[in-house]
Amino acid sequence: MPNHIAIFGANGTIGSEFTRVLSSHYPDAIIHAFSRRPQESAAKNITTHQIDYLDEAALKNAAKEVSEQAPLDLVIVATGILHTDDIMPEKSLRDLSADKFMQLYQVNTIVPALIAKYFVPILNKQQPALFAALSARVGSISDNHLGGWYSYRASKAALNMIIRNVAIETRRTNKNAIICALHPGTVDSALSEPFQKNVPEGKLFTAEFSVSQLLQVIDKLSTDDSGKIFAWDGSEIQP
Ligand SMILES: NC(=O)c1ccc[n+]([C@@H]2O[C@H](COP(=O)([O-])OP(=O)(O)OC[C@H]3O[C@@H](n4cnc5c(N)ncnc54)[C@H](OP(=O)(O)O)[C@@H]3O)[C@@H](O)[C@H]2O)c1
């Protein structure tokens, strides 16, 4: 049972659902909800933090503050972008631009890597503790049969590599740490909204469904699973 939890991207559709469900499942746990935007605490056991995920000094201070209470049992990173007001996923090589790549890598790869830099070292060493980042099945190179979405796919493939690296390195210092990537399925959110018409009937999940599935997946993970990518139904995704 996690007693001390941190969630990043806590204002997002999936991040806010993780925060809500974990807060209600574990009323005695301390939950830190991190977001770029100001948030109101929705429950007594949630402490909200506003943070710039690229500000390393802020991440370092936050990790110090959190670890002074206790080591973390669970860290969920639910940040990510697929499109912005100015960017839509590339359909073709013609649509590639340095700016798109840099923005997508910054949010999808660099942000979770920096969060790992400061929050993996404060995972609990006495009992199994999980650091999980929301990735995407389309970041799997072996599963790519459709093409397109160059920068999103590449940024999530790079995230999967970061997760594998962190898992290998952390094994040496924390035998109880589990570092993994999670694919939530296609979830009804601002991120998926422009693409929902292509989703087959019954495959567009609510955040409630996806998060309840992911919590069951997380519950079954062991240290042997560190470095891997898991989908909402518990199946392993090959990189
Ligand atoms: N929805 C899907 O169908 C789907 C499918 C596969 C994978 N995923 C992955 O699941 C994760 C969560 O997605 P979601 O559906 O919950 O999307 P969402 O509702 O758009 O939430 C994403 C969150 O990411 C953070 N974020 C957005 N722009 C950012 C920026 N420029 N810099 C830093 N952080 C930024 C924000 O969190 P704060 O405002 O709280 O900081 C935002 O609320 C993402 O990693 C996504 O790639 C989603």
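1. A quick definition before the helix pairs: angles under 35 degrees count as roughly parallel, over 145 as roughly antiparallel, 65 to 115 as roughly perpendicular, and the rest as oblique. Keep in mind that this is a predicted model.

2. Take α2 and α3 with that in hand. Helix α2 covers residues 56-69, and α3 runs over 98-119. Their axes come within 9 Å and cross at roughly 40°. That angle falls outside the parallel, antiparallel and perpendicular ranges, so α2 and α3 are oblique to each other. As for handedness, α2 passes α3 in a right-handed crossing.

3. Who touches whom in that pair? On the α2 side you'll find E56, L59, K60 and A63, and they meet L114, I115, Y118 and F119 of α3. Sorted by class, the contact of α2 with α3 has 6 nonpolar and 2 charged residues, with no polar ones.

4. The other pair to look at is α1 with α5. Helix α5 spans residues 207-220, and α1 packs against it at an angle of about 60°, the two axes being 9 Å apart. That makes α1 oblique to α5 as well, because 60° misses the perpendicular range, which starts at 65. Here too the crossing is right-handed, with α1 passing α5.

5. For the residues behind it, T13, I14, E17, F18 and V21 come from α1, and they meet A207, E208, S210, V211 and L215 in α5. The split for the contact of α1 with α5 is 6 nonpolar, 2 polar and 2 charged.

6. On to the ligand. There are 27 residues around it, and N11, G12, S35, G80 and S189 come nearest. The elements giving two or more residues to this shell are α1 (13-25), α3 (98-119) and β7 (186-187). Of the elements, α1 gives the most, with 3 residues. So if you're setting up the site, note that α1 turns up both in the shell and in the packing against α5.

7. What is the make-up of the shell around the ligand by class? It has 13 nonpolar, 12 polar and 2 charged residues.

8. One last spot, away from the helix pairs: A43 sits in the loop between β2 (30-35) and β3 (46-50). Is A43 buried, exposed or partly exposed? It has 13 C-beta neighbours inside 10 Å, so A43 counts as partly exposed; the exposed class stops at 12 or fewer. Also, the C-alpha atoms of A43 and S24 are separated by 8.5 Å, although these residues lie 19 residues apart along the chain.

Technical notes
Residues numbered from 1 in each chain as written. Predicted model: local features only at pLDDT ≥ 70, side-chain atom pairs only at ≥ 80, totals over all residues. Near = placed C-beta within 6 Å. Helix = DSSP H or I, 4+ residues; strand = E, 2+ residues; numbered from the N terminus. Nonpolar A, V, L, I, M, F, W, Y, C, P; charged D, E, K, R; others polar. Axes fitted to C-alpha atoms, helices over the stretch in contact; angles between N-to-C directions. Left-handed = near helix turned anticlockwise from the far one by under 90°. Contact = placed C-beta atoms within 7 Å. Buried ≥ 20, exposed ≤ 12 C-beta atoms within 10 Å, placed from the backbone.
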